[in-house]
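Please look through the sequence and the model shown here, and then follow the paragraphs below, which take up one part after another.

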Amino acid sequence: MSNHGFIHSYETFGTKDGPGIRFVYFLQGCHLRCLYCHNADTWNKGEKTKMSVDEAFHEIEKVKGFIKSGGVTVSGGEPLMQANFVLELFKKCKENGIHTCVDTNGYLFSEEIKEVLEITDLVLLDIKHIDPEKYLKLTEVELEPTLQFMQYLSEINKPTWLRYVLVPGYTDDAEDLENWAKYVSQFKNVERVDILPFHQMGAHKWKEIGRAYPLENCRPADMEDVKKAVEIFRKYDLPLPDNQK
């Protein structure tokens, strides 16, 4: 069991990865190869900084006063690839009364991950598509593990925020949006649904890792795209944030 984590980077005053002002760790490693990934440089596990749990928590302590109304989020990559590191870090957070949040794609599941979820206050889950074939083309992995992960979160009544990246030509089909909304509307533990418009800001990271960016010619999602998705999600009473209602 490793007491170290492979860290890509961290943000001391994050405002987009859970409630309040948050300390956000971006961990290395991910099984998915999403066409629109804006953190492609996190795919491989051992390329960046290696930190012990104590070292990682020490960075959090430096800004503890600023994140009182928020907390700590682990993101990635896929943070649950390093479940033991997250578990030990979150134990320290809980001992110090700090709110904990995991930002995950839900692809991995194990007894160790169940332990992590037990001491996690909030889960940010990406269900990137509802059609299994389109999900596979989009991510290179199967959809079913993420649906099972969502089912488990529901069973343990874990507070969950869902995120949906809106990519023109890929994830914006009206029927797919209807099916996605219908599926997630059954879960009472879903406290919020965020529609995230696709942008091109991660394109340079693909070049950095020597990969051709597959969505180079895809236009960013605009307000009209978001509005159409909002209208569909609204029909299913999904809990959208104030700026998307």
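The text that follows treats one helix, a surface patch, a strand residue and several salt bridges.

This is a predicted model, in which local features need pLDDT of at least 70 and side-chain atom pairs count only at pLDDT 80 or more, while totals for chains, interfaces and linings use all residues. Residues are numbered from 1 along each chain as its sequence is written, and side-chain values use heavy atoms, with hydrogens and water left out.

A convenient place to begin is helix H4, which spans residues 132–139; helices (H or I, at least four residues) and strands (E, at least two) are DSSP runs, numbered from the N terminus. In H4, the residues Tyr135, Leu138 and Thr139 are buried, where buried means under 20% relative accessible area, exposed over 50%, and partly exposed in between, with a 1.4 Å probe and protein chains only. These three lie on the same side of H4 because they cover an arc of only 75° around the axis, the arc being that of the directions from the helix axis to the C-beta atoms. Glu133 and Lys137, on the other side of H4, are exposed. The buried residues of H4 pack against helix H5 (144–155), and contact here means heavy atoms within 4.5 Å. At the N-terminal end, H4 is capped by Asp131, which has a side-chain oxygen 3.0 Å from the backbone nitrogen of Glu133, whereas just after H4 a positive phi of about 70° is found at Glu140.

On the surface, a nonpolar patch is formed by Phe13, Ile21 and Phe66, which together have about 290 Å² of accessible area. Such patches are made of residues with over 30% relative accessible area and no salt bridge, like charges being joined within 9 Å and nonpolar side chains (Val, Leu, Ile, Met, Phe, Trp, Tyr) within 5 Å; the areas come from the Shrake-Rupley method with a 1.4 Å probe, and for residues only the protein chains shown count as cover. Ile21 belongs to the loop between strand S1 (4–14) and strand S2 (22–27), and it counts as partly exposed because its relative accessibility is 32%.

Thr73, in strand S4 (residues 71–75), counts as buried because its relative accessibility is 0%. Its side chain reaches the backbone oxygen of Asp17 at 2.6 Å. Apart from neighbours within four places in sequence, the residues in contact with Thr73 include Arg22, Tyr25, Cys101 and Asp103.

How many salt bridges does a search of the whole structure find? The search finds 13, a salt bridge being a side-chain nitrogen of Lys or Arg within 4 Å of a carboxyl oxygen of Asp or Glu. One of them joins Asp121 and Lys94, with the closest N and O atoms 2.5 Å apart. Asp121 lies in the loop between helix H3 (111–118) and strand S6 (122–126) and Lys94 in helix H2 (residues 83–95), so this pair ties together parts that are 27 residues apart in sequence. Asp121 is partly exposed, with a relative accessible area of 28%, and Lys94 counts as partly exposed at 34% relative accessibility.

Another salt bridge links Arg163 with Asp103, the closest N and O atoms being 3.2 Å apart. Since Arg163 lies in strand S7 (residues 160–166) and Asp103 in strand S5 (residues 100–104), the pair ties together parts that are 60 residues apart in sequence. Both Arg163 and Asp103 are buried. A further salt bridge, between Asp225 and Arg219, has its closest N and O atoms 2.8 Å apart. Salt bridges that share partners also join Asp17, Asp103 and Arg163 into one network.

Definitions and conventions:
A polar contact is a pair of N or O atoms within 3.5 Å; within protein, one must be able to donate a hydrogen and the other to accept it, and residues adjacent in sequence count only if both atoms are side-chain atoms.
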